[in-house]
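Me: I'd like a close look at one part of this protein, the second largest pocket. Could you walk me through what lines it?

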Amino acid sequence: MKARLLQDEFGIRSLHDLIHNFPTHYIDRSQTYTIRSFRDEMPYLQVKGRFVSFTQHGEGAKMRLVGLFSDGTATMEIVWFKRIRHFKTAYNTGTEYILYGKPREFNGRWSMTHPEIDPPESATGAGGLRGVYPLTEKLRNQGITSRNIFQWVCNSLALVKIFPETLPPEIIARHRLMSADEALRTIHNPRDNDELNRARFRLKFEELFYLQLNIRRYADKRSTSVQGRHFPRIGTFFNNFYSQVLPFPLTGAQKRVLKEIRTDVGSGRQMNRLVQGDVGSGKTIVALMAMLMALDNGCQACMMAPTEILATQHYESLRSLAAPLGINVRLLTGSTRKKEREDISARLLDGSIHILIGTHALIEDNVRFRDLGLAVIDEQHRFGVVQRARLWQKNVIAPHVLVMTATPIPRTLAMTVYGDLDVSVIDELPPGRKPVTTLLRYDDQRFQVYRSIGRQLAQGRQVYIVYPLILENEKLDLKCLEEGYELIRETFPSYNVVYVHGKMKPKEKDRQMQLFVENKAQIMVATTVIEVGVNVPNASVMVIENAERFGLSQLHQLRGRVGRGAEQSFCVLMSKRKIGHETRKRLELMTSTTDGFLIAEADLKTRGPGDLEGTMQSGMPMELHVANLATDGQIVQLARDCVDSLLAADPTLTQPGHEMLLPELSRLFARTTDMSRIS
Ligand code: ADP
Ligand code: MG
């Protein structure tokens with residue numbers, strides 16, 4: 001029955017699973033704390049004392065049992081919300097008990113909820129730090145405690161003579177790692193913090209090592225087995241563009257990234273490169289120049305954007321840049337007419353279209369090129385890996401793939417999520433850009449904010465006002481948006497206001513956006529649908545309502561919609577006045593920096609990689625149990641370096657001492673697809 005519960009609740013099926021279910025924290029059994037010595041932020045700890053009384057409070061779902069517990073130095077409250085009938089009679093007043101838990105202070109009183117409780121004579125078991133395991137509500141209701149789990153783990157550990165080593169001996173020796181056997185035994189019941197840290201380090205390292213090994217092995221396999229187009233020439237398209245058309249000097253970062261691309265496409269291997277650059281860093285021109293390299297070598301190129309508006313904007317700007325060179329650029333989207341579509345199909349096949357720009361429509365099977373040499377994907381995070389794979393299949397020889405994203409991804413995460421892509425960074429904005437000024441304002445200052453907006457409008461500028469739309473509370477959110485829209489219309493009666501949200505039909509949404517693009521409307525009230533999208537250099541104000549409800553990366557993306565013209569731009573973060581300390585810190589970070597990487601790092605630390613914009617779709621290839629990408633950056637790097645030198649010395653992983661690698665890889669990644677095919 002218990003085994004069944006563990007399986008249902010945690011997916012624990014075997015002894016192996018049980019032992020690999022590591023504690024989330026530890027009780028320090030080496031010392032007993034006194035209640036009087038409790039301070040803020042206490043760890044899980046043990047206290048020895050007696051219950052003075054038990055009283056029941058509240059009714060129904062709010063019912064709770066409170067035991068007053070004294071250790072002679074002071075008293076604290078022990079609170080139970082569940083299984084009250086059981087706990088009411090489980091303990092006696094006057095008997096000595098040992099309690100394990102995390103004290104919290106509430107209204108000047110210390111308390112613990114649902115601590116573990118032992119009679120002192122039974123507490124003689126394990127010394128040192130004892131693992132505490134997460135419990136689900138169901139397990140708790142069944143009366144299973146963390147101590148039960150600890151006991152099962154200990155029993156299981158005793159059954160296993162020795163855990164086989166999973167890392168090569170030379171790596172263990174070089175980095176002075178604990179052995180697998182020692183680490184697995186230690187992690188549940190370390191003697192002290194020192195030992196715990198060494199065990200943790202070993203297990204984290206192992207996890208990240210295999211993650212990297214898996215990624216790098218496929219990347220290597222691909223680069224040696226997948227043939228790529230060879231573009232030996234820089235020809236007239238590129239050179240003429242550079243000398244006659246390019247309207248500004250490239251930034252150093254743009255030049256560097258172009259060189260990296262040039263090296264890739266000239267190598268004979270297929271390029272899979274991710275270009276990261278903050279909004280406005282000038283990725284489009286880099287993409288165009290990469291496409292010119294393809295054209296110079298007799299190939300075609302395409303560029304895929306996530307929305308119709310964005311595709312259209314790319315089309316218009318690239319066409320005007322490419323036209324003087326006699327380059328034929330066409331646009332293909334969901335709303336392209338049948339006749340036009342047929343014409344495009346024919347001309348793609350005969351090669352008279354050089355560059356095709358479009359939306360998802362590009363990856364449909366009936367879109368065939370004569371010879372596609374390079375595919376560019378803009379704003380990566382709206383495309384899944386599967387869609388990338390379909391682009392890949394458009395030629396006998398896979399086209400080079402250039403992925404461009406404005407979502408800065410911290411290095412450790414990029415190494416993991418995009419470990420099979422080479423990464424280039426455009427870390428410099430074109431000169432003369434005025435950084436957006438970001439202000440934090442509270443709801444009661446709305447009137448002043450509107451006055452400033454009025455001044456910008458009077459100068460001919462345009463304004464975005466963004467509302468959060470978070471699904472749990474959709475109705476309420478939409479109401480906020482509608483009320484906001486009405487309020488704005490009343491406040492600025494002499495301007496046109498458009499209203500855009502994700503629930504609208506795409507056609508209608510595009511129509512509204514287009515009005516704003518053409519400055520037929522001066523104010524756009526919207527949900528985050530505008531996050532990826534329009535380029536309106538005349539828009540100089542971005543107001544974000546309920547900014548406290550947005551993630552940092554999302555705020556950064558939104559802010560990137562302004563500051564694209566020559567004017568000083570503003571981003572106003574509107575918030576409730578009453579917000580938590582952490583939230584205020586996050587918003588203040590936004591007002592103090594425009595560095596996307598700094599913001600992404602901070603976001604990763606507070607929200608974890610799962611939530612990070614841009615990684616949702618690509619996803620992690622493997623769930624991490626011990627390592628944390630936000631805080632273990634150094635171990636990620638170490639594991640990466642180890643893997644690189646290992647693969648360099650033993651690409652097939654078959655040398656003596658490496659016997660464990662292949663079986664372990666297939667055990668860990670049995671179900672993942674061959675990543676070399678999807679990028
Ligand atoms: P993003 O990286 O967000 O896609 P874009 O490619 O749209 O940025 O570029 C933003 C603006 O900056 C465009 O108007 C573009 O013409 C301009 N731009 C790009 N590179 C430079 C440069 N080196 N010098 C001046 N302006 C540039
Ligand atoms: Mg762009």
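Reply: Sure, starting with the make-up of the wall: the lining of the second largest pocket divides into 12 nonpolar, 11 polar and 8 charged residues. Here Ala, Val, Leu, Ile, Met, Phe, Trp, Tyr, Cys and Pro count as nonpolar, Asp, Glu, Lys and Arg as charged, and the others, Gly among them, as polar. Keep in mind that this is a predicted model, where local features need pLDDT of at least 70 and side-chain atom pairs pLDDT 80 or more, while totals for chains, interfaces and linings use all residues. Residues are numbered from 1 along each chain as its sequence is written, and side-chain values use heavy atoms, with hydrogens and water left out.

In total, 31 residues line the pocket, and Gly 280, Gly 282, Thr 284, Asn 535 and Arg 564 lie nearest its centre. The elements giving two or more residues to that lining are helix H11 (283-296) and helix H12 (308-322); H12 gives the most, with 7 residues. Helices here are DSSP runs of H or I, at least four residues, numbered from the N terminus.

As for space, the pocket's volume is about 860 Å³, taken as the space filled by probe spheres set on grid points joined across faces, edges and corners. A pocket is an open set of points on a 1 Å grid over the protein atoms alone, where a 1.4 Å probe fits, with protein on both sides within 12 Å along at least five of seven lines; lining residues have an atom within 4 Å of a point.

For the wider setting, the whole protein has 23 helices and 23 strands, strands being E runs of at least two residues.

Notes. Chains are lettered from A and ligands numbered from 1 in the order in which they are written.
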